[in-house]
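Colleague: I am new to this structure, and I would like to understand how the words used for its residues are justified. Could we go through a few of them together?

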Amino acid sequence: MRPILLSGHERALTQVKFSKEGDLIFSVSKDHVVCAWYSANGERFGAYKGHQGALWTVDVDPTTTLLATGGADNTMRLWEVRTGKLLKTWDYATSVKRVEFSEDGRQLLAVTEKRTGQLSTVYIYDISPDPSEPAPSEHALRIVVDEQPRVTVAGFSYLNHFIIMGHEDGSVSQWDAKSGEHIKDNYSHEDGMQVSDLQWSADRTYFLTASKDKTAKLHDTATLEVLKTYTADTPLNSAAICPDPQQYVILGGGQAAMDVTTTSQRQGKFEARFYHKVFEEEIGRVRGHFGPLNSVAVDPTGKCYCSGGEDGYVRVHHFDPPYFDFQFEVEREARAESRI
Amino acid sequence: MATAVQNTPGRTDWAEDGEPELASVLPQPVTTKNKDGTETVVSYYLNEAGKKVKRTQRVRRTVVKKRENPRVAERRQWAKMGPEANKPAGPGDTTTLGENIIFRPQVGFKAGGVQEKAPEEEKKNDALKKMQIKCRICSGDHFTTKCPFKDSMAAPEEGTGEGAGGEGGGDGIDAAGGLGSTTGAYVPIHLRNGRKGEGERMGGKFERDDLATLRVTNVSELAEEQDLRDMFERHGRVTRVFLAKDRETGRAKGFAFVSYADRADAARACERMDGYGFGHLILRVEFAKKADGK
């Protein structure tokens with residue numbers, strides 16, 4: 001496959017996201033710019049200007065009408081995807097590290113950073129999908145996380161029942177999305193190794209966390225128990241679940257100071273790693289980035305994936321047929337049996 | 001009718017007044033269907049110089065049906081915004097195509113660059129398997145060092161191996177033969193079976209065998225390696241051409257070395273090319289003197 005290199009950013013990428021149908025990619029970077037691209041050919045659709053600091057996070061609603069971004073200028077902004085118009089700005093006391101729309105696009109959460117004097121807080125807003133209707137300034141719910149270490153990532157579960165958060169000490173916690181009550185925790189990752197990314201399965205009944213402890217773990221949303229663990233050899237920055245029928249997960253990470261090897265210098269050495277979701281075995285790597293991968297995202301229709309790196313590039317890869325045909329022996333047998 | 005014809009500007013074919021239609025009216029385009037499903041379209045037009053040009057095109061029409069999500073289709077129609085507002089359709093300079101990556105998931109994937117080498121490694125392995133392993137001592141199907149007859153049959157291969165008495169001491173070992181490897185002692189390259197350092201030279205012995213290398217002098221300054229190669233290729237396969245160049249100006253210094261794969265070719269070339277006129281000078285070709293140890 002030939003990766004398409006998108007070089008619209010001047011600084012490191014912080015997050016990349018696909019639209020629900022997989023035709024648009026949104027990328028944010030430390031250079032204050034949000035870019036939107038067509039995933040089919042890498043053509044840039046446009047950019048959303050307005051933020052005044054490094055951008056940490058982006059999310060698009062399921063109808064691809066609204067875009068939410070959060071950054072180091074202590075604001076979360078809501079944009080209309082089509083025109084680029086800034087619809088709403090929310091100001092906070094600290095920078096916004098994560099934004100996420102709920103499954104139905106009716107709610108939006110923002111995670112603000114913990115600083116001296118400020119606790120890690122998660123704000124939830126009710127959003128109407130109609131861009132002409134103004135978004136509320138008041139949050140519908142605010143969760144102040146005081147007993148636990150700083151929140152690094154968060155997301156809405158299935159049916160907006162829970163909010164799952166990942167913390168700086170490697171634990172994940174579950175909160176009620178209506179009342180804000182803390183329900184349970186799980187100290188799944190190594191102590192002190194922050195959870196760097198949290199991505200959902202297609203139906204949000206399980207999620208994948210990536211951590212600096214060089215592992216990614218698949219958790220059940222309701223019980224928070226660890227279903228699978230994928231071990232890599234570098235601290236991970238991001239992990240994504242490929243949609244069915246492919247049973248893969250993609251991990252991205254990398255440490256900046258790598259050993260010098262005799263590989264081609266035209267291609268970077270930093271790799272996206274593919275693991276089988278069920279068997280936890282590594283099945284392949286794709287290299288090319290010149291810096292650690294900061295974010296990986298998979299097209300919900302499963303045809304491509306993209307990775308944003310520290311080198312400022314977004315690489316979009318459309319899979320070849322061997323990717324779709326690959327199966328383990330047991331899978332092949334199981335499929336043959338079920339047909340008989 | 002005649003009046004209408006005279007008023008047309010740019011006309012030079014008034015001599016053909018009798019048949020005005022032929023001159024000024026372009027024939028209609030003609031489309032014919034070919035046997036293999038293509039169409040041939042013959043059309044006429046006037047180019048910038050006012051000349052009539054006939055254009056023949058062979059066209060194959062294929063209809064490709066693709067299903068697309070209506071929302072995706074709608075989004076493709078959106079006008080580009082922000083910095084892309086007035087740019088033409090299609091990827092701009094922010095988008096480039098990377099190098100082709102072969103990504104094939106496999107069970108038991110091992111990292112560390114092994115995967116990239118896989119096709120070449122497989123080729124190498126295949127070559128190794130096909131290679132006939134022949135023992136130098138008894139011509140059996142095993143490597144020489146593994147030969148069961150190392151002791152007995154190694155003896156006739158003595159050569160300059162008398163010096164073997166020097167290895168590991170002991171006159172009793174002399175009888176073991178020139179190889180010396182029979183006793184397990186190390187035999188230096190220059191004392192081994194065979195000629196001096198045969199096959200051990202850096203670059204492989206077929207690269208620059210000096211007996212197949214010619215020294216060409218009185219070469220014109222304007223000569224280039226490719227010219228020399230072409231000239232000498234007529235006599236046989238040329239493995240290497242070295243043209244002595246002045247480092248600063250890049251012009252030829254006046255001599256060159258041409259290596260052939262075959263010694264006989266070199267000899268033939270030597271005879272033929274000596275005295276050959278190249279540029280404004282006459283070439284002098286001779287066998288290169290063996291490289292002196294410095």
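Modeller: In this predicted model, A:Asp23 lies in the loop of chain A between strand E2 (13–18) and strand E3 (24–29).

Colleague: Why is A:Asp23 called buried?

Modeller: Buried means under 20% relative accessible area, and because A:Asp23 has a relative accessibility of 9%, it counts as buried. Apart from its neighbours within four places in sequence, A:Asp23 is in contact with residues including A:Trp37 and A:Tyr38, and also with B:Val72 and B:Arg75 of chain B.

Colleague: A:Leu159 and A:Leu224 are both in loops of chain A; which of the words, buried or exposed, belongs to A:Leu159, and which to A:Leu224?

Modeller: A:Leu159, between strand E14 (151–156) and strand E15 (162–167), has 60% relative accessibility, and since exposed means over 50%, A:Leu159 counts as exposed. A:Leu224, between strand E20 (215–220) and strand E21 (226–231), has 0%, which is under the 20% limit, so A:Leu224 counts as buried.

Colleague: What makes the phi of these two residues worth a remark?

Modeller: Most residues other than glycine have a negative phi. A:Leu159 has a positive phi of about 55 degrees although it is not a glycine, and A:Leu224, also not a glycine, has a positive phi of about 65 degrees.

Colleague: How do you know that the buried residues of helix H7 in chain B, among them B:Asp265 and B:Met273, are on the same side of H7(B)?

Modeller: The buried residues are B:Asp265, B:Ala266, B:Ala269, B:Cys270 and B:Met273, and because they cover an arc of only 140 degrees around the axis, they are on the same side of H7(B). On the other side of H7(B), B:Glu271 and B:Arg272 are exposed.

Methods
Residues numbered from 1 in each chain as written. Chains lettered and ligands numbered in written order. Predicted model: local features only at pLDDT ≥ 70, side-chain atom pairs only at ≥ 80, totals over all residues. Heavy atoms only, no water. Buried < 20%, exposed > 50% of the residue type's maximum accessible area, 1.4 Å probe, protein only. Helix = DSSP H or I, 4+ residues; strand = E, 2+ residues; numbered from the N terminus. Arc of directions from axis to C-beta. Contact = heavy atoms within 4.5 Å.
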